[in-house]
Amino acid sequence: MDKHACFHCGLDASTQDIVYDEKSFCCEGCKTVYQIFSENDLTCYYDLQSTPGATPKDIEGKYNFLENTKIIEQLLEFNDGTTQIILLYIPHIHCSSCIWILENLNKLNPSISASVVNFGKKTVRVTFNAETLSLKNLVTLLNSIGYEPFISLDDYSVGKKHIDKSLIYKLGVAGFAFGNVMFLSFPEYFEVGEFWLEQFKPLFRWLMFAFSLPVVFYSSQDYFISAYKGLRSKILNIDVPIALGVSVLFIRSTIEIIFDLGSGFFDSLTGLIFFLLLGKFFQQKTYAFLSFERDYKSYFPIGITKITSEGKEESVQVYDIEKGDRLLIRNEELIPVDCILIKGNARIDYSFVTGESKTVSKQSGDKLFAGGKQLNGTIEVDVLKSVEQSYLTQLWSNDVFKKDKSLAFTNITNQISKRFTISILIIAVLATSFWLIVDSSKAINVFTSVLIIACPCALALAAPFTFGNVLRILGKKKCYLKNASVIEQMAKINTIIFDKTGTITTNKETSIAYEGISLSKDEEMLLKSTLRGSNHPLSRSLYHLLNENNILTLDSYEEYLGKGIEAQYKQDSIKIGSAPFVGHTSETVTLNTAVHISSNNTYKGKFTFYNAYRKGLSQLFNKLKQDYDLVILSGDNEGEKDNLTKLLPTKTKLLFNQKPEDKLEYIKYHQSEGAKVLMIGDGLNDAGALAQSDVGIAISENVNVFSPACDAILDASKFNELYNYIKVSKSAINIIKWSFLLSFLYNCIGLYFAVTGQLEPVVAAILMPLSSISIVAFTTICTNNISYLISSKSPPSLPKGEETIVQKC
């Protein structure tokens, strides 16, 4: 490292006499940052790469507006008085060092509990304790280490004010230069010998050189920067062969015109960079489109109970909620909007937002924030603002809920292309060495051709375009996946486990019969008020069956997963659930699912449920049995065993009386035996099993109980389409493999001509972007076609070759 360069940011420090710990710094700010890191044992920041930091700016007084309470409320995502969360746009984020230091802010200030960086969007989401650290001091801290955030008060939307147009400018420069260089190259192409063109040939060549300069040093700079940082971090990324190819082309072409050896390859050079940037621009636009689809159109099938002005309860979609509506939030339900508590005892768990499982009690008139989960019976709230569905998507995908199963999963692109760069470099070196011995005049030509023809763009584009399109297609079909990796995991499953109640059964058509001592009006009123707070399918069915009664505000409410509910109102208590839970023992064997009732410790009777199974259940299981091991894990007794035996395939395993922990252990055991498990449950008692499985799908029947434990949410009305959804995920993987195969074949053919010296760089520069475009077109057509696996429409006609490939997919 240059001894006159600043140790922190790399700027010239020769004019300053600022030395600390035998290291030179360009300003007091950089010195202060180093001192902060040193005092907090974070100097390994400089091990990631030398001079990774930025020079801090003097912002004294600049952020005084962050002391204004109204402005703070506008900027914060979450604020319960103690914990605050804010998403900040930081333009300076540019490398792995930035990510590392910004995700270790808690070591600089213990009041910061978490910070997560989104490198692509240049944002960091910070969770901090507002009692010990103000927002202004947080921003000042970020500035002191060289990461000043951009904050707009006009229309605060992270990144919205800073649309990066640099790619458009670079593409424009490259396109302009490419067009002019091609025009100037025509006399060379056709070997025009007229005297008036021949005498201008040197001028044309130097003009082509001039046009190539801004293309190489401006338009293609991102590839050089990425390659340089990768090499400095001892990583061979896919930009290394691109940067190397551009460098070799430019140097060779420059040498040719200086020594009058030829016209060079400036047309190939500018064309290569233009097509690379064009592909990058196309990819960026597509990602933005898919992101919009994901955030705002692929709504979760979540319903919430709205209380009308007449006092009636009706289920509405969350995105239909408007300011001023009154909502009923049941036990274990997620609060979808910012609201004011009107009625009931609120005990809110904000772990969905903060990642910390700490409950807070709220009283009437207190503000509740979206993302909190109610844990103490029912509450009624007034809506302060309409729901932002993208915020629920953000909560569901929160990094604090990442499971070990995602860490153990290897991305298909990494599997296939991780050794791509080093392989190409070896081929280039070996081929060049061979031709240096055999015919040195072809060596440079071979070297440049190999590096260009083997551009990894096609490999890089296949998976993102395929998975993005599949996510959008499944979202439209009411199957909502948490992220693209779920598609890959779903394609690998070999065992499917179903919960019974609320999963393969539907509470909409269930018939119920009561047997026992008649309930008094007060007991029935207490029973209905208690059931009102539960989201369990049996509770909901029974709640709708009972006559209308005045709703009581319960003094206590407790729901025990897999057992039942206990509640109290004044001197009266009630228990609802299994026979042992309510304290009832009977010699009579119950053959059907039953819910037992006891009032003031006196057994009253039971409600027997005659289950109705979901439409198409038998046909679905008959399709699945061909490829998967099928299991039913139910917490109910064996009363439905005979019906299920007749209804389901003979190889289906039926296990009853399974507690939530039993389901989890069953899945864990079979995973240790090599099973790849898909678990389908209702999201309540099955949260542990959903989290343990390789893929967990929660069935939603207009119930706002989805949890971070699940990897996907399936609308109950689409339950019979499960086989097709799994088939689509497998087809997506096959499309990517076919794309990789096409890219591989293309590279093999191109490399054959390149290493044998038969391929000119200009041809390689044209073929390379065409391969990327063909891969994108192929994946788009194929993924659109597989959407017809879950549609009654006929697929569009395809060319014979592509039709054959799709059928194989």
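## Cavities

A cavity is a set of points, on a 1 Å grid over the protein atoms alone, where a 1.4 Å probe fits but cannot get out. Its volume is the space filled by probe spheres set on the points. This is a predicted model, in which local features need pLDDT of at least 70, side-chain atom pairs count only at pLDDT 80 or more, and totals for linings use all residues. Residues are numbered from 1 along each chain as its sequence is written.

The structure contains six cavities of 30 Å³ or more, and the largest holds about 170 Å³ of space. Its lining (residues with an atom within 4 Å of a point) comprises 18 residues, of which Gly344, Thr378, Leu552, Thr553 and Leu554 are the closest to the centre. Two or more lining residues come from each of β15 (379–383) and β19 (556–560), strands being DSSP runs (E, at least two residues).

## The enclosed helix α21

Helices are likewise DSSP runs (H or I, at least four residues). Helix α21 (residues 521–531) is largely enclosed by the rest of the structure, because nine of its eleven residues are buried, that is, under 20% relative accessible area with a 1.4 Å probe, protein chains only. Among the buried residues are Glu523, Met525, Lys528 and Leu531. The buried residues pack against α22 (537–545) and the strands β19, β20 (564–569), β21 (572–577), β22 (593–599) and β23 (602–613), with contact meaning heavy atoms within 4.5 Å.

## Contact of α24 with α28

Leu620, Lys623 and Leu624 of α24 meet Leu722, Tyr723 and Ile726 of α28.

Notes:
Side-chain values use heavy atoms; hydrogens and water are left out. On a 1 Å grid over the protein atoms alone, a cavity is a set of points where a 1.4 Å probe fits but cannot get out, and a pocket is an open set with protein on both sides within 12 Å along at least five of seven lines; lining residues have an atom within 4 Å of a point. Buried means under 20% relative accessible area, exposed over 50%, partly exposed in between (1.4 Å probe, protein chains only).
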